[in-house]
Amino acid sequence: MKNIQGVNDSIAAAGASTSVVTAIAARAIELQPIISATSGVIAIITGLFAIMYYIKKLNGKDSKQPN
């Protein structure tokens, strides 16, 4: 059985973790547009690289056969 100090420590730890989670959630809401924009730019760049790769492959520039 916990003594009163152990109970107080548990309550303090629960309160602190709740505060930390709330702070992270508040920041995530503020940063969401930046994160979405960054993800979009990464997706566009990835798509452009994929297009370039398949254009090279279709043109035969990436084939392993000797000319």
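Q: Where is methionine 52 placed?
A: In this predicted model, methionine 52 sits in helix 1, which covers residues 4-59.

Q: How many helices and strands are there in the protein?
A: The count is 1 helix and 0 strands.

Q: Back to methionine 52: is the residue buried or exposed?
A: Neither label fits; methionine 52 is partly exposed, because its relative accessible area is 46% and that class lies between the 20% and 50% cut-offs.

Q: Which residues make the nonpolar surface patch?
A: Val41, Ile45, Phe49 and Met52 make a nonpolar patch of about 400 Å² on the surface.

Q: And what does the accessible surface of the protein come to?
A: About 6,100 Å², with 70% of that belonging to carbon and sulfur atoms.

Q: What percentage of the residues count as buried?
A: Of the 67 residues in the protein, 1% are counted as buried.

Q: Changing topic, how many salt bridges does a search of the whole structure find?
A: The search finds 1 salt bridge.

Q: Which side chains meet in the salt bridge?
A: Those of arginine 27 and glutamate 30, at 2.8 Å from N to O. Side chains of opposite charge can pair when their charged atoms come close.

Q: How many residues apart do arginine 27 and glutamate 30 lie?
A: They are 3 residues apart, about one turn of the helix, and both belong to helix 1.

Q: Is arginine 27 buried or exposed?
A: Arginine 27 is exposed, since its relative accessible area is 53% and the class begins over 50%.

Q: What does glutamate 30 count as?
A: Glutamate 30 counts as partly exposed, at 48% relative accessibility.

Terms used
Residues are numbered from 1 along each chain as its sequence is written. This is a predicted model: local features need pLDDT of at least 70, side-chain atom pairs count only at pLDDT 80 or more; totals for chains, interfaces and linings use all residues. Side-chain values use heavy atoms; hydrogens and water are left out. Patches are made of residues with over 30% relative accessible area and no salt bridge: like charges are joined within 9 Å, nonpolar side chains (Val, Leu, Ile, Met, Phe, Trp, Tyr) within 5 Å. Accessible areas come from the Shrake-Rupley method with a 1.4 Å probe; for residues, only the protein chains shown count as cover. A salt bridge is a side-chain nitrogen of Lys or Arg within 4 Å of a carboxyl oxygen of Asp or Glu. Helices (H or I, at least four residues) and strands (E, at least two) are DSSP runs, numbered from the N terminus. Buried means under 20% relative accessible area, exposed over 50%, partly exposed in between (1.4 Å probe, protein chains only).
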